[in-house]
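Dear colleague,

I am handing over the structure below, and my notes on it follow. Please read them alongside the coordinates and tell me where you would put a point otherwise.

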Amino acid sequence: MTSPHGGRRTARSFPAEIALTLPDGQTVQVRLHERREVPGPHPWRYLVGVPSWVARPDGVEAAEYTVWVTDRQLTPIEGVDLSGVPTHRLPGPLPRAAPVGWSAPERRGRTVVHDATCRHAAGGGTELGTLEAVDALMRDGARACTDCDAAAVLVPALELGQGHG
């Protein structure tokens, strides 16, 4: 049997409940559908189903929004068995994992936020969590590096909060 997301499901496969922490710090219970090992600084991605609603002409209908997240956003729920969730590992040995996080070295009075593994972040700044990195981008004149994942990941997260403060 094949899942709607391309993974192989067995008779024992099932989504499991897990807690997802949103960028604003709220925690919601979601369904973990799949785990996938990937190369890079965050070696695992998790496909979760977030409860949502869809407006229909005759009212509102429950729905599920699926999104890939990293382990930094998930917390297992005590007593929930995750062993039946489909898990896809990379073939062969994995390269050594790079440091995880963000860095915001300040040079000549300007803050530039980088992925912690970015070559431009070497030799300066302290390691930051995602929310701290977004906060650093809110400083006057701050920018996200375009040579690493900082601009692609953090700028959309920053834009989500525009007009909600």
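**Leu 90 and its surroundings**

Leu 90 lies in the loop that runs between strand E6 (87-88) and strand E7 (102-103); please keep in mind throughout that this is a predicted model. Because its relative accessibility is 27%, and the partly exposed class covers values between 20% and 50%, Leu 90 counts as partly exposed. Leaving aside residues up to four places away in sequence, Leu 90 touches Glu 37, Val 38 and Pro 39. Of these, Glu 37 is 53 residues from Leu 90 in sequence, yet the two C-alpha atoms are 5.7 Å apart in space.

**The chain as a whole**

The protein chain has 2 helices and 11 strands, and, read along the sequence, they follow the pattern β-β-β-β-β-β-β-β-β-β-α-β-α. Among contacts between residues at least 6 apart in sequence, 49% join residues that are at least 24 apart. Buried residues make up 34% of the 165 residues in the protein chain, while the area that the chain exposes comes to about 10,700 Å², of which carbon and sulfur atoms supply 53%.

**Helix H1**

Which residues are buried in helix H1 (residues 130-137)? They are Ala 133, Val 134, Ala 136 and Leu 137. These residues cover an arc of only 155° around the axis, and therefore they sit on the same side of H1.

With best regards

How values were computed: Residues are numbered from 1 along each chain as its sequence is written. This is a predicted model: local features need pLDDT of at least 70, side-chain atom pairs count only at pLDDT 80 or more; totals for chains, interfaces and linings use all residues. Side-chain values use heavy atoms; hydrogens and water are left out. Buried means under 20% relative accessible area, exposed over 50%, partly exposed in between (1.4 Å probe, protein chains only). Helices (H or I, at least four residues) and strands (E, at least two) are DSSP runs, numbered from the N terminus. The arc is that of the directions from the helix axis to the C-beta atoms. Contact means heavy atoms within 4.5 Å. Accessible areas come from the Shrake-Rupley method with a 1.4 Å probe; for residues, only the protein chains shown count as cover.
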